[in-house]
Amino acid sequence: MTGAALSSFRLDIVSDTICPWCYVGKRRLAAALPILEAEGLTFDVAWRPFQLNPTMPREGLDRRAYRSAKFGSWEKSQALDAQVTEAGASAGLVFRHDLMAKTPNTVASHALIRLAHETGGTAMQDRVVEALFSAYFTQGLDVGDLAVLADLAEGAGIERSRASAFLSEPASFDAVIDDEKLAHGLRLNGVPSFVLEGNYLFSGAQPTSVMVRALREASAKLISAGQVAAPAEPAHAPA
């Protein structure tokens, strides 16, 4: 499709910044998108908030104590971590659960994701999402800590002072809660969930091949219904 017009779709990914399957799903989607682009299909990806632990105290909780209570025992939590580690390895990720001392509140991290989109669009938002996942899952950093978030913002190209000011405003957190209406409106109860042009598509860190097929088929239906323009055929020089 080189040189041809492409069909472009909005793809919202509803996720939480402490969801390991969201990190795996991000990697698998990254592998799927070039395949679809070669077919003339492109996607404007936006990350939307979902709090797995909406009642988490703002300062977070000790991870071992919290997960032991949530899953019945620390051993059960470790078994679940092992499953995630295996899936992550298949996507080229190294999860360091041993470094994670706290389960954080994620409202502030979602606010930073929102700021990234307002500042630099989808590209900057993607960098911030990647930085948050990496910080928590591979470095064990507290992504609920405002100083940590300011560091990550600066590393992604957002002025530290702007990020700090934004994250100190209660309205920034209120906007995250309001933005969760997308998930609630679609009655989503798990992440990652993928929403194409406002329509729920699938949930979970599906294999890349499954993502490609689902996005291809859903895109074709939207094109057939006239909701999105079909990709143009490449022009051919006269013989």
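**View 1. Aromatic pairs across the predicted model.** In this predicted model, a search of the whole structure turns up nine aromatic pairs. One of them brings together Phe95 and Phe137, with ring centres 5.1 Å apart and planes at 85°, so this pair is edge-to-face. The two partners come from distant parts of the chain, 42 residues apart. Phe95 sits in the loop between H3 and strand E4 (102-103), while Phe137 belongs to helix H4. Both Phe95 and Phe137 are buried.

**View 2. Neighbours in sequence, Tyr136 and Phe137.** Stay with Phe137 for a moment and look at the ring of Tyr136. Here the centres are 5.0 Å apart and the planes stand at 70°; an angle over 60 degrees counts as edge-to-face, so this pair is edge-to-face. Are these two residues buried or exposed? Tyr136 has a relative accessible area of 3% and is buried. Phe137, at 2% relative accessibility, counts as buried as well.

**View 3. The aromatic cluster.** Which residues join Phe95 and Phe137 in one aromatic cluster? The cluster is formed by Tyr23, Trp47, Phe95, Phe133, Tyr136 and Phe137. Of these, Trp47 will come back in a later view, as part of the lining of the second largest pocket.

**View 4. Strand E5 and its covered faces.** It helps to begin with a general pattern: in a regular strand the side chains alternate between the two faces of the sheet. In strand E5 (residues 193-196), Ser193 and Val195 lie on one side, with Phe194 and Leu196 on the other. All four are buried, and both faces of E5 are covered.

**View 5. The partners of E5.** Strand E1 (residues 7-15) runs antiparallel to E5, and four bridges join the two. You can pick out one contact by finding Val14, whose bridge partner in E5 is Ser193. E5 also pairs with strand E6 (residues 199-203), again in the antiparallel sense and over four bridges. Which residue of E6 is the bridge partner of Phe194? That partner is Phe202. E5 and E6 make a hairpin, with two residues between the strands. In the turn, look for Glu197, which has a positive phi of about 50°.

**View 6. The largest pocket.** The largest pocket holds about 420 Å³ of space. Its lining is made up of 21 residues, and those nearest the centre are Ile18, Pro20, Leu52, Arg67 and Phe71. Helices H1 (20-37), H2 (63-71), H3 (74-90) and H4 (107-139) are the elements that give two or more residues to this lining. Which of these elements gives the most? H2 does, with five residues. Sorted by class, the lining has 13 nonpolar residues, along with four polar and four charged ones.

**View 7. The second largest pocket.** This pocket has a volume of about 250 Å³. Among its lining residues are Lys26, Arg27, Leu33, Phe43, Trp47 and Gln125. H1, strand E2 (41-49) and H4 each supply at least two residues of the lining. H1 gives the most here, with five residues. By class, the lining of the second largest pocket has six nonpolar, two polar and four charged residues. Helices H1 and H4 may already be familiar to you, since they also give residues to the lining of the largest pocket.

Methods: Residues numbered from 1 in each chain as written. Predicted model: local features only at pLDDT ≥ 70, side-chain atom pairs only at ≥ 80, totals over all residues. Heavy atoms only, no water. 1 Å grid on protein atoms, 1.4 Å probe; cavity = no way out; pocket = protein on both sides within 12 Å on 5 of 7 lines; lining within 4 Å. Points joined across faces, edges and corners; volume = space filled by probe spheres on them. Nonpolar A, V, L, I, M, F, W, Y, C, P; charged D, E, K, R; others polar. Buried < 20%, exposed > 50% of the residue type's maximum accessible area, 1.4 Å probe, protein only. Pairing = 2+ DSSP bridges. Phe/Tyr/Trp six-rings, centres within 6.5 Å; stacked < 30°, edge-to-face > 60°.
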